[in-house]
Amino acid sequence: MGEFILAAIFFALFLFVVWARNKEESGKRHPASRETPKRSSVTQIAAKRPSHFDVSTSKHLAEPIVITGGAYITDGDTIKINRTQIRLFGIDAPELNHPYGKKAKWALHTLCKGHTIRAEVTETDRHGRTVARCYLPDGRDLSAEMVKLGLAIDWPKFSKGKYRNLEHSDARRKMFLADARQKGRMHVWDKFEANRRKT
């Protein structure tokens, strides 16, 4: 009986020694698992990562993110692809409850119907909305097409005047509320809303 207990103790000690050696060798084979990286290597890794987009300053993305799919039309300058709401780059169309608003929405619907739209995300605006250059399968720019139809105006603050030469001569008169928004004349909106509530 005593010999059996002694043998069991020696066997347990043997197993403990084997386990301790294996753990020590495992640590030597994988030193990275026990040590934190040096500060310089962490900095190098961080430097390789693309910088995050700063919503407050609407910085452009280094490389555009591309979203493709059928478009659900929200209004004359906003679409939704795969649950992402996208503002068309560089233009301003009337709101749905403003003159020409519904017409603009249905014109954009007609342009997009049955097509896969390619949206190249360029930035996020100050409201956190995704802004993208959107294209039809034949390469036509949706922003340009809406301006050509006379149902949107160029927004030079964002487009740098890219679509201004496509505007109809009476576009800013017809879409006076969009024009007023661009010029910071929001009292024009207030007056329009007040008159609309009276009727």
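Begin by selecting R172 and D179, both of which are buried, where buried stands for under 20% relative accessible area, exposed for over 50%, and partly exposed for what lies in between, using a 1.4 Å probe and protein chains only. These two residues are joined by a salt bridge whose closest N and O atoms are 2.7 Å apart; the term salt bridge is used here for a side-chain nitrogen of Lys or Arg within 4 Å of a carboxyl oxygen of Asp or Glu. The model is a predicted one, in which local features need pLDDT of at least 70 and side-chain atom pairs count only at pLDDT 80 or more, while totals for chains, interfaces and linings use all residues. Residues are numbered from 1 along each chain as its sequence is written, and side-chain values use heavy atoms, with hydrogens and water left out.

Keep D179 selected and add K183, which also forms a salt bridge with D179, here with the closest N and O atoms 3.0 Å apart. D179 counts as buried because its relative accessible area is 8%, whereas K183 has 54% and is therefore exposed. Salt bridges with shared partners also link D77, R87, D92, E95 and R181 into one network, which can be selected as a group.

Next, select R173 together with D170, and a salt bridge appears between them, with 3.6 Å separating the closest N and O atoms. R173 counts as exposed because its relative accessibility is 61%, while D170, at 26%, is therefore partly exposed.

To close the tour, return to the whole structure, where a search finds 14 salt bridges, among them the pair of R172 and D179.
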